[in-house]
Amino acid sequence: MRRMLSTGGPPALGIAGTALFFLAWEGVARLELINPAFLPAPSAVAVSAYDLIVSGELFSHLTASIWRALLGFVFGSVVGVILGIATARLPVFRYMSDPLLQMFRAIPSIAFVPLAIFWFGIGETSKVFLIAWGVFFPVWINTFLGVRDFNPLLIRAAATLGAGGLRMLWNVVLPGALPLIIAGLRISLAVALVLLVAAELAGATAGVGYFIQISAQVFRVDQMFVGLLTLGILGFCADLLFVTVVQYLFPWYGAESRAARR
């Protein structure tokens, strides 16, 4: 478990810090230092969460959100890696596409919400498009930098051994660029959740973002906190799963830093 935590610290400290946070929150709510209508106690939020879990409502919203985030993350990541490699390895393509890519990268992804709805309606396509759009740019720029800045001496050494073309790319360049590619993917994982909520707030009939919006309309602040905590837990679990999968597929990734902490 220790290796899976992004900070690499003892899990007991993380658990203790989280417990202290919720205890302090409970104390503030119980003492009514803040109006409980605006800041319900964690115990009240837990009761609402239990009711939503038992009824199955929270699970249906969570399933819809996970499906959208996953599709958008996969599509955006695949296109980002492909274009990152292309712009790094093909100078002519890079010079032609760089102005457009840099221009679109400067536009906040949330600004595309009205346009996505206009193009694709309020169905699933618009939400997946928005998530994929936001995921694309961190993956693209990290892949581009990783491939472009790869050590040329290693490329020359591989070339003297007969490597070239796709073989050079697959066996030499991509493994060397992998740390930056993984960093881009991990950043995009959080971006996907941010844009997921923005997309669901703009128009949806299910999803955690939609649930938060509906709870706000009926002044159920406790349910709003259930949605917010659900997003936080979802993000933590997604990051934990990502790190676990990366360490399983690439045991050498981060091995030096893990050894230094021992």
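Tutor: Let's start with burial: a residue is buried under 20% relative accessible area, exposed over 50%, and partly exposed in between, using a 1.4 Å probe and protein chains only. Keep in mind that this is a predicted model, where local features need pLDDT of at least 70, side-chain atom pairs count only at pLDDT 80 or more, and totals for chains, interfaces and linings use all residues. Residues are numbered from 1 along each chain as its sequence is written, and side-chain values use heavy atoms, with hydrogens and water left out.

Student: Fine. Is Arg 68 buried or exposed, then?

Tutor: Arg 68 has a relative accessible area of 2%, so it counts as buried. Arg 68 sits in helix 3, which covers residues 57-89; helices (H or I, at least four residues) and strands (E, at least two) are DSSP runs numbered from the N terminus.

Student: What is Arg 68 in contact with, away from its sequence neighbours?

Tutor: Contact means heavy atoms within 4.5 Å. Setting aside neighbours within four places in sequence, Arg 68 touches Glu 124, Lys 127, Val 128, Ile 131, Leu 196, Glu 200, Ala 204, Ala 206 and Gly 207.

Student: And which residues does Gly 72 contact?

Tutor: Gly 72 is also found in helix 3, and it is called buried because its relative accessibility is 0%. Beyond four places in sequence, its contacts are Val 128, Ile 131, Ala 132 and Val 135. Look at Leu 189 too: from Gly 72 it is 117 residues away in sequence but 9.9 Å away in space, C-alpha to C-alpha.

Student: How many helices and strands does the whole protein have?

Tutor: Eleven helices and zero strands. Of the 262 residues, 40% are buried. Take the contacts between residues at least 6 apart in sequence: 70% of them join residues at least 24 apart.

Student: Now the outside. Which residues make the nonpolar surface patch?

Tutor: A patch takes residues with over 30% relative accessible area and no salt bridge (a Lys or Arg side-chain nitrogen within 4 Å of an Asp or Glu carboxyl oxygen), joining like charges within 9 Å and nonpolar side chains (Val, Leu, Ile, Met, Phe, Trp, Tyr) within 5 Å. Here Trp 67, Leu 70, Val 74, Phe 75, Val 78 and Ile 82 make one of about 610 Å². Phe 75 belongs to helix 3 and is partly exposed, at 47% relative accessible area.

Student: What about empty space: how much lies in the largest pocket?

Tutor: On a 1 Å grid over the protein atoms alone, a cavity is a set of points where a 1.4 Å probe fits but cannot get out; a pocket is an open set with protein on both sides within 12 Å along at least five of seven lines, and lining residues have an atom within 4 Å of a point. Points are joined across faces, edges and corners, and volume is the space filled by probe spheres set on them. The largest pocket holds about 720 Å³. Its lining has 24 residues, with Phe 73, Leu 185, Phe 242, Val 245 and Val 246 closest to the centre. Helix 3, helix 8 (165-202) and helix 10 (221-249) each give two or more residues, and helix 8 has the largest share, ten.

Student: Which residues line the largest cavity?

Tutor: Val 113, Ile 117, Ser 126, Lys 127, Leu 130, Ala 199, Ala 202 and Gly 203 line it. Helix 6 gives the most, three residues. The space inside comes to about 30 Å³.

Technical notes:
Accessible areas come from the Shrake-Rupley method with a 1.4 Å probe; for residues, only the protein chains shown count as cover.
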